[in-house]
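Dear colleague,

I am passing on the structure we spoke about, and I would be glad if you could look through it alongside the notes below.

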Amino acid sequence: MSLYRDEGVVLRTQKLGEADRIVTILAKRTGKIRAVARGVRRTKSRFGARLEPFTHVDLQLHTGRTLDVVTQAETIRPYGEALAADYPRYTAGSAMLETADRLTHGEKEPALRQFLLLVGGLRTLADRGHEARLVLDAYFLRSLAVAGYAPALEACAKCQAPAIRAFAIVAGGVVCGACKPSGSAVPAGETIGLMTALLRGDWATADASESRHRSECSGLVAAYLQWHLEHGIRSLRHVEREPA
């Protein structure tokens, strides 16, 4: 039996047999893990509640032939408790978990920066210091940047010209008039400024933004993310905006 220990965030679970679950975890050192949690669906389970989505947990596992097995679990912070009673924050958190799952493709491939971004995003949501959708959009943009898909926001994505005229998902961000492909969006300058602020972590600028620019930003960021993932984020259909 090969034992190892790591900490991670539970991304999702699925039933296995009558009492077990398969738990998908984004771990700090190991990357994405799919492991069996034996007997966690029984009412007398020692750590069933510690292996629910949103939970930041310290784990001990042993390596199995196909799936590893969780042998110990201790809660570090149960973000689900702070988010469950707040629908906008809960749905934003759900979209974060789904995105983290999609952006970490291979199992047991280290993804430290994605792990740190997810923990930071969930913590910021739970602390309620910023609007939920702003936090979600910031998480999307930074996760894309870590994965190598950061949108160009300061110069044309094709020719590097400083004169920005539109935002083109297929081009990789903002574009000038000469490079603008058909079907490009033409957002307000304040919207691009908000995207830049969210990517940089400039919360003073983001919090001061107007509702219309936040809405436009959210639409562009969601479309850009899903185009690069080549798959929709199902949780996004439930995400609601809070009043600005």
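What follows goes through the strands, one residue in them, two loop positions and a helix.

Please keep in mind that this is a predicted model.

I begin with the strands that pair with S5. Strand S4, residues 55–62, runs antiparallel to S5, and eight bridges join the two; the connection between S4 and S5 is a hairpin of five residues. Within this pairing, glutamine 60 has glutamine 72 in S5 as its bridge partner. Strand S3 (residues 31–37) is joined to S5 (residues 68–78) by two bridges, and these strands run parallel, with valine 36 standing opposite valine 69 in S5.

Alanine 73 also belongs to strand S5. Its relative accessibility is 2%, and because buried means under 20%, alanine 73 counts as buried. Leaving aside residues up to four places away in sequence, alanine 73 touches Phe47, Arg50, Leu51, Val57, Asp58 and Leu59. Leucine 153, by contrast, lies 80 residues from alanine 73 along the chain, and the C-alpha atoms of these two residues are separated by 42 Å.

Two loop residues may deserve your attention for their backbone angles. Lysine 108, in the loop between helix H2 (87–103) and helix H3 (112–127), has a positive phi near 60° although the residue is not a glycine; at 38% relative accessibility, lysine 108 counts as partly exposed. Arginine 128 lies in the loop between H3 and helix H4 (132–146), and its phi is likewise positive, near 60°, in a residue other than glycine. With 43% relative accessibility, arginine 128 counts as partly exposed.

That loop leads to H4. At 1.5 Å a residue, the 15 residues of H4 should span 21 Å, and the C-alpha atoms at its ends are indeed 21 Å apart, so the expected and modelled spans agree. Of these 15 residues, 12 are buried, and H4 is therefore largely enclosed by the rest of the structure. Among the buried residues of H4 are Leu134, Val135, Leu136, Tyr139, Phe140 and Leu141, but also Arg133, Asp137 and Ser143. What do the buried residues of H4 pack against? Their partners are H2, H3, helix H5 (189–200), helix H6 (203–207) and helix H7 (211–229). After H4 comes glycine 148, whose phi is positive, near 95°.

With best wishes

Note on methods
Residues are numbered from 1 along each chain as its sequence is written. This is a predicted model: local features need pLDDT of at least 70, side-chain atom pairs count only at pLDDT 80 or more; totals for chains, interfaces and linings use all residues. Side-chain values use heavy atoms; hydrogens and water are left out. Two strands pair if DSSP finds at least two bridges between them. Helices (H or I, at least four residues) and strands (E, at least two) are DSSP runs, numbered from the N terminus. Buried means under 20% relative accessible area, exposed over 50%, partly exposed in between (1.4 Å probe, protein chains only). Contact means heavy atoms within 4.5 Å. The expected span of a helix is 1.5 Å times one less than its number of residues.
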